[in-house]
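Trainee: I would like to learn to read a model like this one. Please take me through a few features.

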Amino acid sequence: MATMVARASKPAIARRMIEDLNPPERILMGPGPSNIHPRVLQAMTKPLLHHLDPDFIHIMDKVAEMLQQVFGASGGFTLPVSGTGSAGMEAGLANLLVPGDHLVVVSHGFFGERLAEIALRHGATVTQVQGPWGGVIAPEDVERELKRHRKVKVLAAVHAETSTGVLQPLEELTKLAHKYDALFLVDAVASLGGAPVDVDATGIDLCFSATQKCIGAPPGLAPVHLNERALSAVRGRKEPPRSWYLDLGLLHKYWEGGTRAYHHTAPISMIYALREALRLMLEEGLEQRYARHRRNGLAMRAGLEALGLKLLVPEEFSTCQLITVLVPTASMKGESEPGSSASTTSR
Ligand SMILES: Cc1ncc(COP(=O)(O)O)c(C=O)c1O
């Protein structure tokens with residue numbers, strides 16, 4: 001019997017190989033990601049370990065320990081959540097809020113609005129204390145809002161608002177949150193590692209950040225710290241958070257609890273990168289690092305002003321690691337116009 005050989009039409013084989021990856025070297029002057037130290041890049045090339053390997057668990061412990069120092073925390077729970085800064089934001093909100101809870105957000109920029117949007121998606125009732133972009137929010141305005149509601153579960157604020165370059169003072173806001181028995185949640189994505197955050201001294205209950213800005217690692221992890229108050233709010237939940245991936249109770253069992261139970265496969269190479277970035281930070285010294293950012297920031301402000309450019313935020317309320325410039329419009333013949341801004345950062 002004749003055998004019929006069907007000639008399967010082979011998928012067209014790509015004959016030309018994709019060329020080697022060769023991204024151009026750039027000086028990254030935007031508000032993150034920042035250029036990273038060669039030691040951080042090298043750390044990412046180290047051999048992979050299994051995510052439950054005792055040697056990897058040891059690395060996790062060291063990373064958590066160094067992160068605690070950078071947050072200025074002595075207790076509580078600190079971990080790098082897998083995901084970018086927004087994952088840290090969502091983890092904080094999803095774990096502190098139960099549908100129906102009230103959140104008050106200090107909102108004077110793009111990321112304040114993101115806090116509000118995420119909290120709404122987790123079923124919270126949200127009030128925004130709004131102020132002009134480029135200004136700080138006065139504590140009196142926040143207190144007025146806190147007074148109006150029977151129970152506010154969380155007061156949230158952005159420390160360094162990337163969209164404007166404003167550094168919101170936190171001390172008064174912490175006092176207000178605690179006076180009204182609310183938890184204080186802070187976005188330190190653009191400040192941690194570049195300006196003092198000091199969660200213990202400030203009294204912040206839950207703080208989150210991101211690796212790609214002042215920490216000097218690639219994007220991909222969101223350091224999060226919860227103090228005992230925030231932890232007991234998480235432990236006291238009657239229902240699990242709506243996000244399984246960002247459930248800090250489950251993540252605690254992997255990162256700290258006795259069981260070190262598998263939750264998800266940790267991004268091993270990113271943890272290596274963060275470990276090296278944290279080592280570099282602590283080698284430099286946190287105070288020296290903040291002073292360097294301040295020096296560079298002030299020099300940048302002076303240089304921009306010497307060029308005749310106007311800055312959006314007065315020095316008193318400006319972050320030093322991120323400076324916003326009013327872009328002159330041609331029609332204004334050298335005059336600057338508020339509204340459009342460009343920013344710069346230093347690692
Ligand atoms: C202040 C602030 N919060 C949150 C985020 C979100 O972080 P990511 O883009 O890493 O998700 C950013 C990002 O630029 C930010 O600047």
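Mentor: We will look at a strand, a loop residue and the ligand shell. The model is predicted: local features need pLDDT of at least 70, side-chain atom pairs count only at pLDDT 80 or more, and totals for chains, interfaces and linings use all residues. Residues are numbered from 1 along each chain as its sequence is written.

Trainee: Where do the side chains of β1 point?

Mentor: In a regular strand, side chains alternate between the two faces of the sheet. In β1, F77, L79 and V81 point one way, while T78, P80 and S82 point the other way. Strands here are DSSP runs (E, at least two residues), numbered from the N terminus.

Trainee: Is strand β1 enclosed or open?

Mentor: A residue is buried if 20 or more other C-beta atoms, placed from the backbone, lie within 10 Å of its own, exposed if 12 or fewer, and partly exposed in between. Six of the six residues of β1 (residues 77-82) are buried, so the strand is largely enclosed by the rest of the structure.

Trainee: Which strand pairs with β1?

Mentor: Pairing takes at least two DSSP bridges between strands. β1 pairs with β9 (residues 221-226) in the antiparallel sense, over six bridges. L79 stands opposite V224 in β9.

Trainee: Is G236 buried or exposed?

Mentor: G236 is exposed, because it has 8 other C-beta atoms within 10 Å. Its place is the loop between α8 (228-235) and α9 (248-255). Helices are DSSP runs too (H or I, at least four residues).

Trainee: Which residues come nearest the ligand?

Mentor: Of the 13 around the ligand, T84, G85, S86, T162 and V189 come nearest. Near means a C-beta atom, placed from the backbone, within 6 Å. Helix α3 (residues 85-96) gives the largest share of the shell, three residues.
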